[in-house]
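Thanks for making time this morning. I would like to walk you through a few places in one structure, and I will try to keep to what can be read from the coordinates.

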Amino acid sequence: MSESVAEAVARQRQYIAGGTMSINRAITPPKLFVRAEGAYLWDDSGRRYFDYHAGFAPYLFGHADKEVDDAVIAAIRSGASLIGAGTMPWEADLAEMLVEAVPGIEQLQLTSTGSEAVSYALRLARAHTGRDKVVIMQGGYNGWADYVSYNLMDPAAVVGSHEPGTEYAPRVTTAGIPKVIDETVKVIEYNDLAAAEAVLSKGDIAAIILEPVLQNVGIVKPQPGYLEGLREICDRTGTVLIFDEVKTGFRHALGGYQEIAGVTPDLCTFGKAVANGYPLGVVGGKQEIMALCNDPDPKRRVVIAGTYNGHPVNVAAAKASISRLMNRREEVYGELERLGARLQAGFEAIFAERNYATTFARQGSAFTLYFMDHAPVNWQDIALNNDNERDLAYRRAMIEAGVFHFPAATKQSSISLAHTDDDIDQTIEITADVVRALG
Ligand SMILES: Cc1ncc(COP(=O)(O)O)c(C=O)c1O
């Protein structure tokens with residue numbers, strides 16, 4: 001007999017440090033999901049859920065996409081192993097496609113994860129500028145590297161008294177970060193151009209790194225002129241502008257959010273949707289900076305290395321994903337926008353009738369329902385205004401009703417190309433019932 005959820009949780013607690021792989025996956029109440037395909041998840045009892053979590057967003061085409069999986073299987077069958085000596089043709093194929101697709105990539109390196117790509121982007125920026133400090137965003141998430149594991153989502157008690165135009169004291173999000181790193185990290189609010197100006201104008205910052213849309217605290221869009229303003233300050237102060245497009249990349253446009261914004265960063269990082277769920281990261285940017293990987297001066301040369309970098313399985317998945325986006329660009333992004341708009345219209349009709357405030361924030365297929373009366377401009381705004389208790393109660397009730405949004409307040413949800421009109425309409429119907437029952 002298969003194990004119960006309680007038994008599975010107990011076994012995980014016994015053998016897995018922290019109880020779940022990747023500790024941000026822990027959910028209450030616990031669930032035991034055993035299968036995913038297309039737009040759906042199944043739990044151990046065989047119950048099906050509409051999935052809007054999408055494994056923290058990589059599944060742009062849906063789970064177990066046949067086209068991507070067939071490309072992976074074909075690569076394995078053809079002998080495309082991890083040879084690890086010199087160059088392999090499939091690596092250049094993918095690199096060429098990505099250079100063509102993304103305005104800010106003139107050259108690149110492949111990694112296995114987004115976090116590694118971010119670590120290397122910061123290393124490149126430091127080597128390029130000869131400076132040590134980096135600026136990150138309060139409420140931004142850029143993976144697990146020491147230099148970005150700060151001020152992930154400071155509580156309302158901390159952000160409440162924060163003055164616009166100023167920086168936060170660095171506050172680590174994990175134990176084990178050397179104290180000296182604190183001196184190299186500057187933290188400001190997103191959409192606060194005055195704070196960026198104040199911190200960068202001293203001329204001692206190597207890089208400012210940000211998600212061009214904050215997507216780890218929902219959907220927080222740049223205000224008009226914000227990204228352009230950062231570009232101008234970085235140019236003036238010799239700071240490297242890094243867009244972390246691990247979540248925005250390929251989901252909103254083939255060229256990343258930078259293509260939509262019309263602002264080209266010096267370096268950018270990708271992951272998630274680039275390979276539709278297979279583990280691949282990309283760090284790329286201006287040739288002038290990426291050339292440090294090959295600098296004849298060993299003191300300037302930047303090392304980017306890894307046994308699994310450019311693993312043929314992941315490269316095959318990325319080639320299949322990116323070529324599909326290139327060949328069917330209008331169709332794919334048009335469909336994702338159409339599905340997103342359909343869901344938004346349904347949600348807005350449901351919540352318009354409630355006696356509490358909600359705001360549906362959306363960029364194409366990525367969305368969040370905030371329990372506050374306006375679209376937030378930064379984390380401080382969310383921390384002070386979102387009704388987290390109602391948010392969480394709603395998410396948990398939706399899961400019980402068969403629709404999976406991650407059960408943590410303000411977490412962003414994703415629609416995939418595998419969702420159909422019928423899935424969206426059923427989701428709206430279930431949502432209406434749940435919201436009515438919650439009162
Ligand atoms: C914007 C952003 N950057 C970096 C990362 C880290 O990527 P990975 O989990 O592949 O290391 C994530 C992951 O959620 C992310 O959303």
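Let me start with Gln363, which sits in strand β11, the strand that covers residues 359–363. Please bear in mind throughout that what you see is a predicted model. Is Gln363 buried or exposed? Its relative accessible area is 14%, and because the cut-off for buried is under 20%, Gln363 counts as buried. As for what surrounds this side of the strand, and leaving aside residues up to four places away in sequence, Gln363 touches Ile219, Lys221, His252, Tyr257 and Ile260.

Now to the ligand. The residues around the ligand are Thr113, Gly114 and Ser115, then Tyr141, Asn142 and Gly143, and further along the chain Glu211, Asn216, Asp244, Val246, Lys247 and Lys272. Sorted by class, that shell holds 2 nonpolar, 6 polar and 4 charged residues.

Which atoms meet the oxygen atoms of the ligand? At Gly114 the partner is a polar backbone atom, and the distance to an oxygen atom of the ligand is 2.9 Å. At Asn216 it is an N or O atom in the side chain, 3.0 Å from an oxygen atom of the ligand. Lys272 also takes part through its side chain, with a polar atom that lies 2.8 Å from a ligand oxygen atom. Taken alone, the ligand would expose 390 Å², and the protein buries 84% of that area.

The last part of my talk concerns backbone geometry. Most residues other than glycine have a negative phi, and most peptide bonds are trans. Against that background, the peptide bond from Thr28 to Pro29 is cis, with omega near -5°, and Pro29 itself lies in the loop that runs between α1 (5–15) and β1 (33–37).

Two further residues draw attention through phi. Ala57, which is not a glycine, has a positive phi of about 100°; you will find Ala57 in the loop between β3 (48–51) and α2 (66–77), and with a relative accessibility of 3% this alanine counts as buried. Asn151, likewise a residue other than glycine, has a positive phi, near 40°. Asn151 is placed in the loop between β5 (133–138) and α5 (156–159), and at 0% relative accessibility Asn151 is also classed as buried.

That is where I will stop, and I am happy to go back to any of these places on the screen.

Terms used:
Residues are numbered from 1 along each chain as its sequence is written. This is a predicted model: local features need pLDDT of at least 70, side-chain atom pairs count only at pLDDT 80 or more; totals for chains, interfaces and linings use all residues. Side-chain values use heavy atoms; hydrogens and water are left out. Helices (H or I, at least four residues) and strands (E, at least two) are DSSP runs, numbered from the N terminus. Buried means under 20% relative accessible area, exposed over 50%, partly exposed in between (1.4 Å probe, protein chains only). Contact means heavy atoms within 4.5 Å. A residue is near a molecule or strand if one of its heavy atoms lies within 4 Å of it. A polar contact is a pair of N or O atoms within 3.5 Å; within protein, one must be able to donate a hydrogen and the other to accept it, and residues adjacent in sequence count only if both atoms are side-chain atoms. Accessible areas come from the Shrake-Rupley method with a 1.4 Å probe; for residues, only the protein chains shown count as cover. Ala, Val, Leu, Ile, Met, Phe, Trp, Tyr, Cys and Pro count as nonpolar, Asp, Glu, Lys and Arg as charged, and the others, Gly among them, as polar.
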